[in-house]
Amino acid sequence: MAYFMGIDIGSVTTKAAIIRDGELIVSHVMPSGANYRIAAQRVLEEILAKAGLSLSDITYTIATGYGASSVDFAGERVTDISCCARGVHHLFPSVRTVIDIGGQASKVIRVNEEGRATNFVVSERCAAGSGRFLQIIARVLQVDMKDIGPLSLKSKNPITYTTGCAVFGESEAISRVAEGTPKEDIVAGVHNAIAAKVSNLTDRVGLEEDCALTGGGALDVGLVKRVEEKLRVHLLVPPEPQTTAAFGAALLAEERAPTLA
């Protein structure tokens, strides 16, 4: 019985997925930490233990993400754009636009009917366009990340940030707290700012429905709502949005392994 694995080493979290016959068997998410090589080894050990397998049971592995070059046990490395597109296509064959909001950057990917990326754009290297902005504001507000989304949904008057920079955005949030602005309005303002960045990205590649949202940002119900409102579309969200690229990498491993044997 053949098993295939995908490893996605991101700047904030490391994800792994093991599949058999095209279906997910087990997945795992953990912090990346400062050393991608150590993160790769740890996620390997933890997901194999979770699945009750050994590395010899894995027929082929593909790595993706910022730290893909640190995955010594991978047979090859594939871009996260291709892996994300492949994973979403398997879950939602009708999707033609994928929005991925990760810890380091946001991406918008156009996908064809075969699940291949035909065009994409990535946000500039600034935390204001990614989940990192939310982490910064959560720290300022002393709110747990899992509570950010529900808190945002309570907002009546989201603030408007006067800057597109996360550093200055943090200062602005601190000032708003001092002024007594409700936390939910500050968080909703961040969601609106990220949604605006995402909207600019989609304008550059063209938005075609159906549309899916992946990455850690998709776990935030408040952010999902704001992006939907900004783009005026319904977003399809995978059951495990953080592991979509790892799942796609595993699918590609299953497809490519026979020709590389």
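## A pocket between two domains

In this predicted model, the largest pocket draws lining residues from both domain 1 (1–92 + 241–261) and domain 2 (93–237), so it lies between them. Its space comes to about 680 Å³.

The lining of the largest pocket counts 37 residues. Five glycines lie nearest the centre: Gly-102, Gly-103, Gly-215, Gly-216 and Gly-217. By class, the lining holds 16 polar, 13 nonpolar and eight charged residues.

## Elements around the largest pocket

Two strands each give at least two residues to this lining: S2 (13–20) and S6 (97–101). Four helices do so as well. They are H2 (80–91), H3 (131–141), H4 (145–152) and H8 (244–260).

## The second largest pocket

The second largest pocket has a volume of about 180 Å³. Domain 1 (1–92 + 241–261) and domain 2 (93–237) each put at least three residues into its lining.

Its lining consists of Val-78, Ser-82, Arg-86, Glu-114, Gly-115, Arg-116, Ala-117, Leu-252, Glu-255 and Arg-256. Five of these residues are charged, three are nonpolar and two are polar. H2 and H8 each supply at least two of the lining residues. H8 gives the largest share, with three.

H2 and H8 therefore recur: each supplies at least two residues to the lining of the largest pocket, and each does so again for the second largest.

## Strand S6: an enclosed element

S6 is one of the elements that line the largest pocket. Five of its five residues are buried, so the strand is largely enclosed by the rest of the structure. Both faces are covered. Thr-97, Ile-99 and Ile-101 are buried on one side. Val-98 and Asp-100 are buried on the other.

## Partners of S6

S6 pairs with two strands, S7 and S9. With S7 (residues 106–111) the pairing is antiparallel and runs over five bridges. A hairpin of four residues joins S6 to S7. Ile-101 stands opposite Ser-106 in S7.

With S9 (residues 211–214) the pairing is parallel, over four bridges. Here Ile-99 stands opposite Leu-213. Both Ile-99 and Ile-101 belong to the side of S6 that also carries Thr-97.

Terms used. Residues are numbered from 1 along each chain as its sequence is written. This is a predicted model: local features need pLDDT of at least 70, side-chain atom pairs count only at pLDDT 80 or more; totals for chains, interfaces and linings use all residues. Side-chain values use heavy atoms; hydrogens and water are left out. On a 1 Å grid over the protein atoms alone, a cavity is a set of points where a 1.4 Å probe fits but cannot get out, and a pocket is an open set with protein on both sides within 12 Å along at least five of seven lines; lining residues have an atom within 4 Å of a point. Grid points are joined across faces, edges and corners, and a volume is the space filled by probe spheres set on the points. Ala, Val, Leu, Ile, Met, Phe, Trp, Tyr, Cys and Pro count as nonpolar, Asp, Glu, Lys and Arg as charged, and the others, Gly among them, as polar. Domain bounds come from an automatic or database domain assignment. Buried means under 20% relative accessible area, exposed over 50%, partly exposed in between (1.4 Å probe, protein chains only). Two strands pair if DSSP finds at least two bridges between them.
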